[in-house]
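I'm opening my notebook on this one and writing down what I look up as I go. Short notes, whole sentences.

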Amino acid sequence: MQLSQYPRYETYKPSGVDWIGDVPEDWQVSPGRACLYENKDKNTGMQESTVLSLSYGNVIVKPEEKLTGLVPESFETYQIVEPGDIIIRGTDLQNDVTSLRTGLAKDRGIITSAYINLRPHDNVLPFYLHYVLHSYDVKKVFYGLGSGLRQNLSYEDFKYLDLPLPDIATQERIVAFLDDKTDKIDRAVKIKEGQIALLRERKQIIIQEAVTKGLNPNAPMKDSGIDWIGQIPAHWDRLANKFIFKLKKDTVGKRAPEYDLLSLTLRGIIKRDMENPEGKFPAEFDTYQEVLPSDFVFCHFDVEETPRTVGLSDFRGMITGAYTVYHTSDEFDRRFLLYFYLFADTDKKLRSLYKGLRNTIPKDVFGRFKTPLPPLEEQREIVKHIDESSAKVEAAIELKERQIEALKEYKATLINAAVTGKIKVI
């Protein structure tokens, strides 16, 4: 249903606030201090042991197995959270303008005191306040509080934050309406995300079948000698990688300024944006390796934990010396090799090659591994088949992603319209 199809209130008045706009005549626009206060109940004496976390706009119970790493010696420094409290992550505004920063607590527990804990007064329903602040969060209102873009927010910013406030009965209707509508939207998004997962699985099956079985379903078969591959076409060869991948180790040294900085990601090998850098960089790049177009980059360490361990470069650039760079000759179709090792990287099928605690594949061990290889012309036919089939799958995924984005935008618009009175909830 389009927003224009919903009824509107009879009369409106200016709110005096840009991001709110006009509100219904009988609504108030109240400062935060009239609607909420800061809860600072400390967990003194370990009254509560259930640890909560703010994740993707939701306050969730943190599983015990994840209570590792940077945790305090005692959770007595944490603050107690009650159901209905609004949790705000007000830190690091300058470096993170995308994450959701608010969430409604539905469980009693404790959370780090680095977060702001807002508790509604009796004149405001917790779920209504949550929808209002979630709307502000999505519209990035918080980044303009105080003296513009600052590093952190505090309760002081919320004390004077203008909030649209209808009577309790209207709040109840708005909450019931939004609970119903957003639940339906969320379920529709989940269905489409499931469809995307199936499409990605289909793409992986296309690659797997093509690089291990070829395109002729009637071809005679033989044992590959590799348990996770099984049989391969009888006319295919098995060639040790030391005859396919030639190790390179050309450091850039003082020529580093002449090169683009490259990175191995889930999207393949990409150029890093040095004008707007993200992440940590070394003081000097002298030890980085030269990468040329058509070079392979492998991450041979921490293989189990690394999302993508292989890439084929389209660029001239440099990459960290921790990675391994290989060149291959024109005897092989490089994209066939890429597809094969993308398949091998899925579910980490090269586990039998790991050595040591860091799941490292030594270069000599990788060199002895035998890659199944069809004749060169067949390699090219397989690549063409994968490219064409994958393009259809990617187009279907892109359509689903656009639909999800449209649903999320509609959800945000609907919430904002309801809590600012642009539509009348009956």
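**Entry: D260**

I began with D260 and found it in strand 17, which covers residues 260-265. The model is a predicted one, so I keep that in mind for every value here. Is D260 buried, partly exposed or exposed? Its relative accessible area is 35%, so it counts as partly exposed, since that class sits between the 20% and 50% cut-offs.

Next I asked which residues D260 touches beyond its neighbours within four places in sequence. I got K271, R316, G317 and M318. I also checked D260 against D345, which is 85 residues away along the chain. Their C-alpha atoms are separated by 26 Å.

**Entry: the sheet with strand 17**

Then I looked at the sheet itself. Four strands make an open sheet with mixed pairing, and the order is 18-17-22-19. Strand 18 (268-271) and strand 19 (289-291) are the edge strands; each has a single partner strand, so one side of each has no neighbour in the sheet. From one strand to the next, the twist averages 45 degrees.

I zoomed in on the pair of strand 19 and strand 22, the latter being residues 317-319. They run antiparallel and three bridges join them. Which residue in strand 22 is the bridge partner of E290? M318 is, and M318 is also one of the contacts I had listed for D260.

A reminder to myself while looking at strands: in a regular strand, side chains alternate between the two faces of the sheet.

**Entry: strand 23 and its partners**

Strand 23 spans residues 324-327, and I found it joined by three bridges to strand 16 (residues 246-248), running antiparallel. In that pair, K246 stands opposite H327. Strand 20 also runs antiparallel to strand 23, again with three bridges. Here F296 has Y326 as its bridge partner.

**Entry: two odd phi values**

I followed strand 20 (296-298) onwards, into the loop that leads to strand 21 (310-312), and D302 is in that loop. D302 has a positive phi of about 50 degrees, even though it isn't a glycine.

D347 does something along those lines: its phi is positive too, near 60 degrees, and it isn't a glycine either. I found D347 in the loop between helix 4 and helix 5 (363-368). Is D347 buried or exposed? It counts as exposed because its relative accessibility is 59%, and the exposed class begins over 50%.

**Entry: a hairpin and Y78**

Strand 5 (residues 52-55) and strand 6 run antiparallel, with four bridges between them. S55 stands opposite N58 in strand 6. How many residues lie between the strands of this hairpin? Two do, and Y56 takes a positive phi near 50 degrees in the hairpin.

Past strand 6 (58-61) comes a loop to strand 7 (79-81), and Y78 has its place there. I wanted to know whether Y78 is buried or exposed. At 13% relative accessibility it counts as buried, because buried means under 20%. Y78 and G268 are 190 residues apart along the chain, and their C-alpha atoms are separated by 41 Å.

**Entry: helix 3 and what it packs on**

I saved the helices for last. Helix 3 (residues 168-213) and helix 4 (residues 334-345) have axes that come within 9 Å and cross at roughly 120 degrees. That angle makes helix 3 oblique to helix 4. The crossing is left-handed.

Which residues meet there? From helix 3 I noted Q204, I207, Q208, V211 and T212, and from helix 4 F336, Y339, F340, L342 and F343. By class, this contact has seven nonpolar and three polar residues, with no charged ones.

Helix 3 also packs with helix 6 (residues 376-419), at an angle of about 170 degrees and with the axes 10 Å apart. So helix 3 is roughly antiparallel to helix 6, as the cut-off for that label is over 145 degrees. I looked up the residue classes in this contact as well: 24 nonpolar, six polar and 12 charged. So my last note is on charge: the contact with helix 6 has 12 charged residues, whereas the contact with helix 4 has none.

How values were computed:
Residues numbered from 1 in each chain as written. Predicted model: local features only at pLDDT ≥ 70, side-chain atom pairs only at ≥ 80, totals over all residues. Heavy atoms only, no water. Axes fitted to C-alpha atoms, helices over the stretch in contact; angles between N-to-C directions. Parallel < 35°, antiparallel > 145°, perpendicular 65-115°, else oblique. Left-handed = near helix turned anticlockwise from the far one by under 90°. Contact = heavy atoms within 4.5 Å. Nonpolar A, V, L, I, M, F, W, Y, C, P; charged D, E, K, R; others polar. Buried < 20%, exposed > 50% of the residue type's maximum accessible area, 1.4 Å probe, protein only. Pairing = 2+ DSSP bridges.
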